[in-house]
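Dear colleague,

I am passing on the structure below for you to look at alongside these notes. Please read them with the coordinates open, and tell me if anything is unclear.

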Amino acid sequence: MSNQVDILEKYGEMINLIPDIVCLTNKDHIITHCNERLLEQLGIERKEIIGTTGMNFLTKKSQEKIIKIISQPKQRGRIENLEVDTIKKDGTIYKALVTIDPILDEGGEFQGAISVTKDITELYEIKKELYTQRERNLATIGHLSSRMAHDIKNPISVISMSLENLRGL
C-alpha cells in the first residue's frame with residue numbers, strides 16, 4: 001500500500017490534470033483513488049466508487065474479457081489498450097481503451113494497479129460513419145457498373161443481330 005501512497009503524494013495533482021480516466025486499485029482490485037475525469041465520465045460521486053471494484057462499471061462481456069486476461073498465469077505485466085464497454089450511472093454504454101499497469105513492491109509482489117482509460121466513443125462513431133459511407137460508395141459503383149454493362153450490351157446486341165441478318169443473306 002505504501003507504493004500507492006507514494007504515488008499519490010508524488011503525482012496526485014498531476015493525476016487530476018490528466019484528461020483521461022486514471023484509477024488506482026489495491027491488491028484486492030478495490031478502487032482507492034481516481035481522478036475527477038472518472039467521476040465526470042460515469043456521472044457519479046467519489047463516494048460511489050472508492051471502495052468498489054472497477055468491474056462494477058463494465059458490461060458482463062468486458063468483465064469476462066478482463067478476468068480471462070488476468071487469470072492467465074503468464075499475465076503479470078501491463079495490459080495495454082484493452083477495448084471495454086463501460087456503463088455510466090444513467091445506463092449509457094460507451095467504448096473505452098484501458099491500459100493497466102501493476103504496482104509492485106520492492107520484492108516484486110503485486111500491491112495494486114494503476115489504470116488509464118480513454119473514451120473512444122467518438123472514434124467508434126467516425127469509424128461507423130466511414131464504414132457506412134464505404135458501403136454507399138460500393139453500392140453506387142455497383143449500380144453504375146450495372147448500368148454501363150446494360151448500356152454497352154444494347155449496341156453490341158444490335159450489331160450482333162445485324163451481323164446475323166447479313167450472314168443470312
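Buried residues make up 27% of the 169 residues in the protein chain, and please bear in mind throughout that this is a predicted model. The chain holds 4 helices and 5 strands, which follow one another along the sequence in the pattern α-β-β-α-α-β-β-β-α. Among the contacts with a separation of 6 or more, 36% are between residues 24 or more positions apart.

Turning to the interior, the largest nonpolar core has 21 residues, and the members that touch the most others are Leu38, Leu42, Ile49 and Val84. Two or more residues of this core come from each of β1, β2 (31-34), α2, β3 and β4, with β4 giving the largest share, 4 residues. One of those well-connected members, Ile49, can be followed in detail: leaving aside residues up to four places away in sequence, Ile49 is in contact with Ile31, Cys34, Leu38, Leu39, Leu42, Ile44 and Phe57, a list that includes Leu38 and Leu42, which are named above for their contacts within the core.

A polar residue also deserves a look. Asn35 sits in the loop that joins β2 and α2, and is Asn35 buried or exposed there? Because its relative accessibility is 0%, and the cut-off for a buried residue is under 20%, Asn35 counts as buried. From this position the side chain of Asn35 reaches the backbone oxygen of Ile18 at 3.4 Å. Again leaving aside residues up to four places away in sequence, Asn35 touches Ile15, Asn16, Ile18, Asp20, Ile21, Val22 and Arg46, so that Ile18 appears both as a contact and as the residue whose backbone oxygen is reached by the Asn35 side chain.

Finally, there is the largest pocket, which has a volume of about 760 Å³. Its lining consists of 32 residues, and those lying nearest the centre of the pocket are Thr25, His29, Ile66, Ile100 and Ser115. At least two lining residues are supplied by each of β1 (21-26), α2 (36-42), α3 (60-70), β3 (79-87), β4 (93-104) and β5 (110-119). Sorted by class, the lining has 21 nonpolar residues, 9 polar ones and 2 charged ones. If you compare the two regions on screen, you will find that β1, α2, β3 and β4 give residues to the nonpolar core and also to the lining of the pocket.

With best wishes

Terms used. Residues are numbered from 1 along each chain as its sequence is written. This is a predicted model: local features need pLDDT of at least 70, side-chain atom pairs count only at pLDDT 80 or more; totals for chains, interfaces and linings use all residues. Side-chain values use heavy atoms; hydrogens and water are left out. On a 1 Å grid over the protein atoms alone, a cavity is a set of points where a 1.4 Å probe fits but cannot get out, and a pocket is an open set with protein on both sides within 12 Å along at least five of seven lines; lining residues have an atom within 4 Å of a point. Grid points are joined across faces, edges and corners, and a volume is the space filled by probe spheres set on the points. Ala, Val, Leu, Ile, Met, Phe, Trp, Tyr, Cys and Pro count as nonpolar, Asp, Glu, Lys and Arg as charged, and the others, Gly among them, as polar. A nonpolar core is a set of buried Ala, Val, Leu, Ile, Met, Phe, Trp, Tyr and Cys residues joined through side-chain atoms within 4.5 Å. Buried means under 20% relative accessible area, exposed over 50%, partly exposed in between (1.4 Å probe, protein chains only). Contact means heavy atoms within 4.5 Å. A polar contact is a pair of N or O atoms within 3.5 Å; within protein, one must be able to donate a hydrogen and the other to accept it, and residues adjacent in sequence count only if both atoms are side-chain atoms.
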